[in-house]
2 protein chains.
Amino acid sequence: MSLTVVGSIAFDSVRTPFGERERMLGGTSVHFSLAARFFTEVRPVGPVGDDFGDAELDVLASRGIVVEDIERVAGGKSFFWRGRYEYDLNVAHTEDTQLGVFGDFEPKLSDASKAADVLFLANIQPDLQRRVRAQCTEARFYALDSMNLWIDTARDSLLAAISEVDCVIVNDAEIRQLTGESNLARAARAVMSMGPRAVVAKQGEYGAALFTENGFFALPGFPLEDVADPTGAGDSFAGGFLGSIDSHEGEIDDACLRRAMGYGTVLASFNVEEFGTERVARLTREEIDERFELLREMTNFEVLPASAK
Amino acid sequence: MSLTVVGSIAFDSVRTPFGERERMLGGTSVHFSLAARFFTEVRPVGPVGDDFGDAELDVLASRGIVVEDIERVAGGKSFFWRGRYEYDLNVAHTEDTQLGVFGDFEPKLSDASKAADVLFLANIQPDLQRRVRAQCTEARFYALDSMNLWIDTARDSLLAAISEVDCVIVNDAEIRQLTGESNLARAARAVMSMGPRAVVAKQGEYGAALFTENGFFALPGFPLEDVADPTGAGDSFAGGFLGSIDSHEGEIDDACLRRAMGYGTVLASFNVEEFGTERVARLTREEIDERFELLREMTNFEVLPASAK
């Protein structure tokens, strides 16, 4: 079992009503990899600049994430994002984005990365997603994320990329925008008609919904009284989701996908408890499994006693 | 078992991208009563005008709803609401509201209505809610709904009303507004600290969440590909929720409340499939139970075969 992810490795400066941090380790691949690593071998692919030091690399390497496809570009600068969140943490404002070495990124996959069992094409330009997809031919499950920017500026490429994966994991507003269909169930069916057999609609604090040919499944966000920083929650969700799928030996059926939704929800919930990677970087598998059981009880019509609290 | 509801009985003129209707039977008490009647005896209390004819009354009476506390005010006009929904049905615009006889409403409960086992104080002025509450002393479960208008204009009265009920059923934005707390779990706990032992946060298409002393439960909205008119969905939810609770003979524990959340979700889902009361007025208990089972399967981590589709 191994999972390859292609996406940003970045520094994030974030301000929320509960604090702020300058140039934290961040980016989709980072949040994704830290989450997925609890379940399987993970190989992030992507460029960083000279400003990305051994300390940053060690956050990943010390968790056993395979960092050999993280390419340090001499003289370059890492992807940088600055954002702030309102008192209502659902409202985020991007204040600065600097692509840095990510602007000229041409993915180069090692043989080991090409041989992944599961591939996640994080939110990058769709033609890049397709070039990675073409190199990675042996996976049993392909998934991609995208965003409004690519729906607006590279729609045809994005549709082609979608047709080449098994699963699309995007925000529900983006599914609506992509399909021009305001009804989510119809919009998800429209995406599935393009090729994927599963659509995951991320819904922020409301949780996430899974559409497959066989049915529908939804989980609420795990209820937390203390949320410090939502940055990377969706990426941690995808990491828990695909990591769980990669660790599953049998058929990737609806039961497997539902369990993966649960792990995605749990990893996202830990992510937001502290800033950046702070919480997930010291998370344990025991904490994950405990919260997974709580989530199962919280969504069960029959109330279990004791630990349901 | 019997359930008394105090709230509007109205005519609604509604336009959505899928059609429009003039002066349909509507109002909170109407949607609520039609939904709750599948589970228990229901007594709506409230005024109507001369314009409310036998045909309207018969929609309720023919379903076995006890209409003796619907007071026809000679020379008066019924509550009237006109609204339209955008292509995104989550966005509604009120174009006209005429209180009519509801403007001078002073609730008069018959002895039978006073003797209710469950009381629902729908969204009316909080002092009125309290006067009804004071007349109805034998219920084993009291619930209320409210709205931003009363939070802004009658906050102290509303807080007093809340302290006198077991359960608050409101939109999640209103729980946040009421408590000044953007985190929903904290906001719900703040409401519970005022007295209620349960808080239901209605979340529109995302479903609803239940907070109790013992835990948390959430259900997604039932996924529908065809939604015609969201008007009354929240009231149908409350009707299914409290009707189910009233029909429960044992202790009103978390299992009872969770099952009630399921019935609320199911009734709301039928409500929105057609305009106004059209769908629920000809709904059957068999259809309700079938969808309840689907909902249970859709929220279960273990996939059941066959009917999960």
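**Notebook: chain B against chain A, and a sheet in chain B**

I began with the interface, where chain B and chain A bury about 3800 Å² between them, 52% of it on carbon and sulfur atoms. I looked up which residues of chain B lose the most area to chain A, and these are Tyr206(B), Glu225(B) and Phe301(B), together accounting for 22% of what that side buries. I keep in mind that this is a predicted model.

Next I went through the contacts, and I noted that 44 residues of chain B are in contact with 44 residues of chain A. The rule finds six salt bridges across this interface; I looked at the one between Arg189(A) and Glu225(B), whose closest N and O atoms are 2.3 Å apart. For polar contacts, I recorded 22 residue pairs between chain B and chain A, with both residues at pLDDT 80 or more.

I then asked which elements give two or more residues to the side of chain B that touches chain A, and I found α7 (172-179), α8 (184-192), β13 (215-219), α10 (254-271) and α11 (285-298) of chain B. The residues on that side divide into 18 nonpolar, ten polar and 16 charged.

Turning to the sheet, I traced nine strands of chain B in the order β5-β4-β1-β8-β9-β10-β11-β12-β13, forming an open sheet with mixed pairing. Strands β5 (70-72) and β13 of chain B stand at the edges with a single partner strand each, so one side of each is left without a neighbour in the sheet. On average, neighbouring strands are turned by 15° against each other, direction ignored.

Last, I checked β8 (residues 118-121) and β9 (residues 141-144) of chain B, which run parallel and are joined by four bridges, and I saw that Leu121(B) stands opposite Leu144(B) in β9(B).

Conventions
Residues are numbered from 1 along each chain as its sequence is written. Chains are lettered from A and ligands numbered from 1 in the order in which they are written. This is a predicted model: local features need pLDDT of at least 70, side-chain atom pairs count only at pLDDT 80 or more; totals for chains, interfaces and linings use all residues. Side-chain values use heavy atoms; hydrogens and water are left out. Contact means heavy atoms within 4.5 Å. Buried area is the accessible area (1.4 Å probe) that two parts lose on being put together, summed over both. A salt bridge is a side-chain nitrogen of Lys or Arg within 4 Å of a carboxyl oxygen of Asp or Glu. A polar contact is a pair of N or O atoms within 3.5 Å; within protein, one must be able to donate a hydrogen and the other to accept it, and residues adjacent in sequence count only if both atoms are side-chain atoms. Ala, Val, Leu, Ile, Met, Phe, Trp, Tyr, Cys and Pro count as nonpolar, Asp, Glu, Lys and Arg as charged, and the others, Gly among them, as polar. Two strands pair if DSSP finds at least two bridges between them. Axes are lines fitted to C-alpha atoms, for helices over the stretch in contact, and angles run from 0 to 180 degrees between N-to-C directions.
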